[in-house]
Amino acid sequence: MTALTLSTAGAATLRADALVVGVAKSGKTLVVTPGAEAVDKAFDGRLAAVLETLGASGSEGEAIKLPAPAGLKAPVVLAVGLGAAPEDGESFGAETLRRAAGTAARTLTGSKKAAFALPIASAEDAAAVAEGALLGAYAYTAYQESGKDAKKPLAEVALLGARPRDKAYKAAAERALAVAEEMNRARDLINMPPNDLYPESFAAVVTAAGKEHGLKVQVLDEKALEKGGYGGILGVGKGAVRGPRLVRIAYTHPKAERTLALVGKGITYDSGGISLKPAGHNETMKCDMSGAAAVFAAVVAASRIGLAVNVTGWLALAENMPSGSATRPGDVLRMYSGKTVEVLNTDAEGRLVLADALTRASEEHPDAIVDVATLTGAMVLALGDRTFGIMANDDDYRTAIHEIAEEVGEQSWPMPLPADLRKSMDSPTADMANMGVRMGGGLVAGLFLQEFVGEGITWAHLDIAGPAFHEGAPYGYTPKGGTGSSVRTLVKLAELTAAGEL
């Protein structure tokens, strides 16, 4: 785990393996950003000129290493691009700082300590740099042989100019550390091979975290699910050797006046079931529990920050496998709500486990419910692989979540719930089917889930199918593999709920 320190030392005097500075574009000119004045002085005021000679443009994502001149304790200077310089009197955006710090941390893999002299004008800037660096330093190496050539993630991040004695800066750093560590925990779970992460083992991880952080954890196994009538979760999990689980993890605060329920889809491996996925579509399906991982991480982060709000996480865990005991297309499941659902496609399984969890969460009458799921390929087709969709039964709530996501640096887009699509899920056999028309499939899935939300409860659905698992090259603070998408949005949502702003 990468350590975080706030340092009062100057950029020229701090001992570290590398010194990170920012560069930006001001018109056609490359400029060194605030925070790096001492470094530029060590280059006799020519740092920007030297970088231009090496081809630097200051573009976001750019990283160039230089040997440090005399006068600096660090042997290496790493210049990272921040894009266009802000207008006079303005600061760089938080997401720009986050991505630049993440790029630097990734570039410095194998280093023990890096000093970040990026432009920090406020506690919010310090939090953004800290968060980006800690997320950028992430690497999943649990199954790789460690040897002499194995490079470990950056071990320590030192923030320069972050005022460690200032309460606001200290609180911002502590929050960034909690959110980043829990987001990285979610990434670990998403990246874990499905032969080791399955419903029972996932539940064990949650139980252990509950003990560590003083959270109440309840696990319903197959017998308890059968007794309780959780037909959706059982129907999805019945084809697997390893049975399903419904996990409840709860954080409570003595001064809380509101309760937020988070529901996560946790399909630890999705083969599609009898409606088997074709080759080329199942290799990354260990990531189909990303929603549950995000919910778990958000609840723990809320407890670590000490938010004055009650946050309950519901993790609907199952493996979706084909076998002689698996649910077949045409089968009818009686859900926990009592509603019957005809299963037309066993690969539309996420909505079935979520439906039971949503009904159960509604029984506790929270002020709001937000579910998170890698639910539909249709949402990826609509929004691409970096943006999640937001649906809700309250337009103002949907807008608020969209604005929150934008604020914390997660790309999202509000989506509608057209009532006319509901009829396409009518079934001649059951109360409804788990499939509707193909066009607008992501919206149909949202309409299905809405059927299982308790009356009068504000609800939102985040379809994170696109950004939950990144298959391309790393960028900014985003690694290849599990990303931890929506964790920051959920934590900020909990903060605003605690503050009475939602």
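The largest cavity in this predicted model has a volume of about 260 Å³. Its lining consists of 19 residues, of which R386, P467, Y475, T478 and R488 are the closest to the centre of the cavity. Two helices, α3 (94–107) and α5 (167–191), each supply at least two residues of this lining. By class, the lining of the largest cavity divides into six nonpolar, six polar and seven charged residues.

The count comes to two cavities of 30 Å³ or more. The second largest cavity has a volume of about 70 Å³. Its lining is formed by G235, V236, G273, N320, M321, A326, T327, V343, T346, E349 and L352. Of these residues, five are nonpolar, five are polar and one is charged.

The structure also contains pockets, which are treated here alongside the cavities. The largest pocket has a volume of about 1,200 Å³. It is lined by 43 residues, and those closest to its centre are K277, L375, T376, G377 and A378. Two or more residues of this lining come from each of β10, α10 (350–362), α11 (377–383), α13 (441–450) and β19 (469–470). Among the contributing elements, α11 gives the most, with five residues. The lining of the largest pocket has 17 nonpolar, 15 polar and 11 charged residues.

The table sets out the three spaces together.

| Space | Volume | Classes of lining residues |
|---|---|---|
| Largest cavity | about 260 Å³ | six nonpolar, six polar, seven charged |
| Second largest cavity | about 70 Å³ | five nonpolar, five polar, one charged |
| Largest pocket | about 1,200 Å³ | 17 nonpolar, 15 polar, 11 charged |

Strand β10, named above for the pocket lining, is also part of a sheet. This open sheet has eight strands in the order β8-β9-β11-β10-β14-β18-β15-β16, and its pairing is mixed. At the edges stand β8 (216–220) and β16 (412–414), each of which pairs on one side only. From one strand to the next, the twist averages 20°.

Several neighbouring pairs show how the mixed pairing arises in detail. Strands β8 and β9 pair in the antiparallel sense over five bridges, and V217 stands opposite I249 in β9. On its other side in the strand order, β9 pairs with β11 in the antiparallel sense over seven bridges; here A250 has T312 in β11 as its bridge partner. By contrast, β10 (residues 259–270) and β14 (residues 368–373) pair in the parallel sense over five bridges, with L262 opposite V370 in β14.

Two helices pack against these strands. Helix α6 (residues 199–213) lies across β8, β9 (245–251), β10 and β11 (310–320), and runs at about 160° to β11. Helix α12 (residues 395–408) packs on the sheet as well, where it touches β10, β14, β15 (388–392), β16 and β18 (458–463). The direction of α12 makes about 155° with that of β15.

Strand β9 deserves separate attention. Why is β9 described as largely enclosed by the rest of the structure? Seven of the seven residues of β9 are buried, so the strand is largely enclosed by the rest of the structure. The side chains are divided between two directions: R245, V247, I249 and Y251 point one way, whereas L246, R248 and A250 point the other way, and all are buried.

Conventions: Residues are numbered from 1 along each chain as its sequence is written. This is a predicted model: local features need pLDDT of at least 70, side-chain atom pairs count only at pLDDT 80 or more; totals for chains, interfaces and linings use all residues. Side-chain values use heavy atoms; hydrogens and water are left out. Two strands pair if DSSP finds at least two bridges between them. Helices (H or I, at least four residues) and strands (E, at least two) are DSSP runs, numbered from the N terminus. Axes are lines fitted to C-alpha atoms, for helices over the stretch in contact, and angles run from 0 to 180 degrees between N-to-C directions. Contact means heavy atoms within 4.5 Å. On a 1 Å grid over the protein atoms alone, a cavity is a set of points where a 1.4 Å probe fits but cannot get out, and a pocket is an open set with protein on both sides within 12 Å along at least five of seven lines; lining residues have an atom within 4 Å of a point. Grid points are joined across faces, edges and corners, and a volume is the space filled by probe spheres set on the points. Ala, Val, Leu, Ile, Met, Phe, Trp, Tyr, Cys and Pro count as nonpolar, Asp, Glu, Lys and Arg as charged, and the others, Gly among them, as polar. Buried means under 20% relative accessible area, exposed over 50%, partly exposed in between (1.4 Å probe, protein chains only).
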